[in-house]
Amino acid sequence: MDAHPQTFSIKTAFADFKAITKAGLAISVLFSSIAGYLLGFGDSHPFSWSVLAMLMVGGYCMVGASNAFNQVIEKDLDALMDRTKNRPVPSGRMSPNTALLIAFALTAIGLVLLYMINAKTAMFGAISIFLYTSVYTPLKTVTPLSVFVGAFPGAIPFMLGWVAATGEFGIEAGTLFLIQFFWQFPHFWAIGWFLYEDYEKAGFFMLPTGKKDKSTALQTILYTVWLMVASLLPALGYTGQFYITPISAGIVFILGLWMLVYAVKLYKLRTAKAAKALMLASVSYISLLQVVYILDKFLR
C-alpha cells in the first residue's frame, strides 16, 4: 500500500527537477558544447572521454543552475503567465529555498567539474551564470535590450566546448561565440512575438521595439543576415584552426537562406504562426549548422 505513493513522489520530484533545470533546453544547449568540443580537439589536444563527460555533466549543471536561479527570481511573474504558472516554484510544488539549494548545489558541482577540465572553461561557465541571473533576468522587465544582454551567456556554450578541448580562447572560440550570439536574436524575437500576449502579462520586454511591428520583423531579417555572414567566416581562411571547405560553405549558405525565408515570411505576414515557424526553423538551423561543421572536419 505504501509503495505506490513513494513511487509517485519520486516521479514527481524527478519531474520537478527536470522542470526547474529546464532539462529540454539544457540538453539542447549541451549539444552546442559537445559540438564545440568535437571541433576543438586535435593532434595537439587529443580527444578525451573523461573531459567530454565532465563537460557534459558540468555544462548541464551550469545551465540548470541558471534556470533554477531564474525561476526563483521570477516566481511571482511566472505565476502570471500561462506557459510558466505550472512550474515547480510558482505552482507551490517546490519552495523557493529548495530551488535555491538546487541552484547553488548545481553551481558548485558544475564549477568544480569545469575547473577540472581547465580554469578558463570554469571561468566562462561562471560568467554565463552571473550574466544570466544577475543581469539578463532583472532586465527582462525593464528594457528590450535584455535580449542583447542575454545573447552573451546564450552564446557561451558553443565556444565553451572549444575552450574545454584546447584550454585556449582565440579566434576559433571567438568565431563560435559570434555565430551563436547572432543566432540568439531571430530565435528569441520569434519566441517573443508568438508569446507576446503571455509575456505582456508579466511585463517582459522581449521585442526590440516593444511591439509586433514591421520594425521588429525587419531587425529579425537583418540579424538573420548577420548570422549568415558569421556562419560563413570559417570558409574565408581567417579563423585559425577552425575552417570549412567550399562545399560545406555552400551547404551553410543554403541553410542560412532557408532560415532567411522564414524571417522574410514573418516580415510579410506578421502573425504568431509565422513567428513560431521561424523559431522552429532557427532551432533546426543551429543544430544542422553544427552537424555540418563537425562532418566537414571529419570528412575532409
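Which side chain does D82 meet in a salt bridge? The partner is K201, with N and O 2.9 Å apart. We'll come back to that pair, but keep in mind that this is a predicted model.

## The overall picture

Start with the fold. The protein has 13 helices and zero strands, so the pattern along the sequence is simply α-α-α-α-α-α-α-α-α-α-α-α-α. The radius of gyration comes out at 20 Å, close to the 19 Å that the globule rule gives for 300 residues, so the protein is as compact as a globular protein of that length. If you want a box for it, the C-alpha atoms fill roughly 60 × 50 × 35 Å along the principal axes.

Of the 300 residues, 49% are buried. Take the contacts between residues at least 6 apart in sequence: 74% of them join residues at least 24 apart. On the outside, the protein exposes about 14100 Å², and carbon and sulfur atoms supply 70% of that area.

## Inside: the nonpolar cores

The largest nonpolar core holds 85 residues, and the members that touch the most others are L39, L55, M159 and Y293. Helix α9 (residues 171–194) gives the most to this core, with 13 residues. Apart from it lies another core, made of five residues, among them A26, L30, Y60 and V63.

M159 is a good one to click on. Leaving out residues up to four places away in sequence, M159 touches F124, F169, A173, L176 and F177.

## Salt bridges

A search of the whole structure finds eight salt bridges. Here are three of them, with the closest N to O distance for each.

| Pair | N to O distance | Separation in sequence |
|---|---|---|
| R93 and D16 | 2.9 Å | 77 residues |
| E74 and K140 | 3.1 Å | 66 residues |
| D82 and K201 | 2.9 Å | 119 residues |

Take R93 and D16 to begin with. The pair links distant parts of the chain: R93 sits in the loop between α5 (88–91) and α6 (96–117), and D16 is in helix α1 (residues 3–20). R93 is partly exposed, with a relative accessible area of 43%, while D16 has 8% and counts as buried.

What about E74 and K140, buried or exposed? Both are buried. E74 lies in the loop between α3 (49–73) and α4, and K140 in the loop between α7 (119–139) and α8 (146–166), so this bridge ties together parts that are 66 residues apart in sequence.

Now back to the opening pair. D82 belongs to the loop between α4 and α5, whereas K201 is in helix α10 (residues 196–202). D82 is partly exposed at 45% relative accessible area, and K201 is partly exposed too, at 44%. There's a bit extra here: salt bridges that share partners join D82, K85, D198 and K201 into one network.

## D78, tucked into helix α4

D78 has its place in helix α4 (residues 75–78). Why does D78 count as buried? Because its relative accessibility is 0%, and the cut-off for buried is under 20%. Setting aside neighbours within four places in sequence, D78 is in contact with Q71, T84, K85, R87 and P90. One of those contacts, K85, also turns up in the salt-bridge network with D82, D198 and K201.

## Out on the surface

Which residues make the nonpolar surface patch of about 480 Å²? They are F31, V291, L295, F298 and L299. Helix α13 (residues 272–299) gives the most to the patch, with four residues. F31 is found in helix α2 (residues 23–40), and at 35% relative accessibility it counts as partly exposed.

## A loop residue to finish

L233 lies in the loop between α11 (214–232) and α12 (246–269). Its relative accessible area is 25%, so L233 is partly exposed. Not counting residues up to four places away in sequence, L233 touches T175, L178 and T239. As for I244, which is 11 residues along the chain from L233, the C-alpha atoms of the two are separated by 9.0 Å.

Technical notes. Residues are numbered from 1 along each chain as its sequence is written. This is a predicted model: local features need pLDDT of at least 70, side-chain atom pairs count only at pLDDT 80 or more; totals for chains, interfaces and linings use all residues. Side-chain values use heavy atoms; hydrogens and water are left out. Helices (H or I, at least four residues) and strands (E, at least two) are DSSP runs, numbered from the N terminus. Buried means under 20% relative accessible area, exposed over 50%, partly exposed in between (1.4 Å probe, protein chains only). Contact means heavy atoms within 4.5 Å. Patches are made of residues with over 30% relative accessible area and no salt bridge: like charges are joined within 9 Å, nonpolar side chains (Val, Leu, Ile, Met, Phe, Trp, Tyr) within 5 Å. Accessible areas come from the Shrake-Rupley method with a 1.4 Å probe; for residues, only the protein chains shown count as cover. A salt bridge is a side-chain nitrogen of Lys or Arg within 4 Å of a carboxyl oxygen of Asp or Glu. The radius of gyration is taken over C-alpha atoms; the globule rule is 2.2 Å times the number of residues to the power 0.38. A nonpolar core is a set of buried Ala, Val, Leu, Ile, Met, Phe, Trp, Tyr and Cys residues joined through side-chain atoms within 4.5 Å.
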